[in-house]
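Trainee: I am new to this structure. Please take me through one part of it closely, and then show me what surrounds that part.

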Amino acid sequence: FRTSFLTFIKKRGVWLFILFFGEFFTQTALRHYDPVFDSIKGAAYYVPLLISAGGNSGSQSSTLVIRGMALGEIKMRDWRRILVRELAMGFVLGLGLAVVGFFRVLMYRDQHVDFATTVALTLVGIVMTGCTVGAMLPIILKRVGLDPATSSTPFIASLVDVLGIIIFVHFAKLVMSAVLAGHGVP
């Protein structure tokens, strides 16, 4: 409460504008992969679900690392241990979400097992990415002299959105290559 309203507007506003422009990359990725989304019935409906899983897992990891740094429980030299732990955490959490996501997709009669597999694999990849980015970004920001508490979580969400779309499309191309080839998508 000692900080003025205008100071908060300046500090938060800068990040909001940076992140707003960063989301242009999300929109660009979606446009770039339009042929894939057009070829797979219902694929676009799953994008918010998938990227939010990555953003949420990244936010959790970021919050825990920032808290650990603030309490002195995490030192900069601990980054390798944190990286390995968060990769494993992301894998296990991603598997749990993948099982639920797989069966959720199959609840719709017009969806195929291949698409359910694509969603499941994507969830594992996105949650692993979210956890890893979420844990490492506060450490990197602190290393370069920025306050991780004011910038980590929103930056993670923007970054994981773009990465999530890329992961989704690449798993779709891998698992559903026959469907995509039938629609002329390389």
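Mentor: Begin with phenylalanine 21. Its relative accessibility is 46%, so phenylalanine 21 counts as partly exposed. Keep in mind that this is a predicted model. Phenylalanine 21 sits in helix 1, which covers residues 5-32. Phenylalanine 21 has partners at the surface. Phe17, Phe20, Phe21 and Phe24 make a nonpolar surface patch of about 460 Å². In soluble globular proteins, nonpolar side chains tend to be buried together.

Now turn to the interior. The largest nonpolar core has 35 residues. Which of them touch the most other members? They are Phe37, Ile40, Phe115, Val119 and Phe168. Several helices feed this core. Helix 2, helix 3 (43-70), helix 4 (79-106), helix 5 (113-143) and helix 6 each supply at least two residues. Helix 5 gives the most, with twelve residues. Another core lies apart from this one. That second core has seven residues, including Val65, Ile82, Met136 and Ile139.

Next, the aromatic rings. The model has seven aromatic pairs. Take phenylalanine 37 and phenylalanine 168. Their ring centres are 5.9 Å apart and their planes meet at 45°, so this pair is tilted. Phenylalanine 37 belongs to helix 2 (residues 34-39), and phenylalanine 168 belongs to helix 6 (residues 148-175), so the pair ties together parts that are 131 residues apart in sequence. Are these two residues buried or exposed? Phenylalanine 37 is buried, at 10% relative accessibility. Phenylalanine 168 is buried too, at 3%. The cut-off for buried is under 20%. Ring pairs also build a wider group: Phe37, Tyr46, Phe115 and Phe168 are linked into a cluster.

Stay with phenylalanine 115 for a moment. What does phenylalanine 115 touch, not counting residues up to four places away in sequence? The list is Ile40, Gly42, Ala43, Tyr46, Val105, Phe168 and Met176.

Alanine 43 is on that list, and alanine 43 deserves its own look. Alanine 43 is placed in helix 3. At 1% relative accessibility, alanine 43 counts as buried. Leaving aside neighbours within four places in sequence, alanine 43 is in contact with Phe37, Phe115 and Phe168. These three phenylalanines are also members of the ring cluster. Alanine 43 and alanine 172 are 129 residues apart in sequence, yet 9.3 Å apart in space, C-alpha to C-alpha.

Finish with the charged side chains. Side chains of opposite charge can pair when their charged atoms come close. How many salt bridges does the model have? The count is two. One joins aspartate 110 and lysine 41, with the closest N and O atoms 3.6 Å apart. Aspartate 110 is in the loop between helix 4 and helix 5, and lysine 41 is in the loop between helix 2 and helix 3, so this bridge ties together parts that are 69 residues apart in sequence. Aspartate 110 is partly exposed, at 45% relative accessibility. Lysine 41 is exposed, at 55%.

The other salt bridge is between glutamate 86 and arginine 85, at 3.0 Å from N to O. Glutamate 86 is buried, with a relative accessible area of 4%. Arginine 85 counts as partly exposed, at 40% relative accessibility.

Conventions:
Residues numbered from 1 in each chain as written. Predicted model: local features only at pLDDT ≥ 70, side-chain atom pairs only at ≥ 80, totals over all residues. Heavy atoms only, no water. Phe/Tyr/Trp six-rings, centres within 6.5 Å; stacked < 30°, edge-to-face > 60°. Helix = DSSP H or I, 4+ residues; strand = E, 2+ residues; numbered from the N terminus. Buried < 20%, exposed > 50% of the residue type's maximum accessible area, 1.4 Å probe, protein only. Core = buried A, V, L, I, M, F, W, Y, C linked by side-chain atoms within 4.5 Å. Contact = heavy atoms within 4.5 Å. Patch = residues over 30% accessible without salt bridge, like charges linked within 9 Å, V, L, I, M, F, W, Y side chains within 5 Å. Areas by Shrake-Rupley, 256 points an atom, 1.4 Å probe, with all protein chains shown as cover. Salt bridge = Lys/Arg side-chain N within 4 Å of Asp/Glu carboxyl O.
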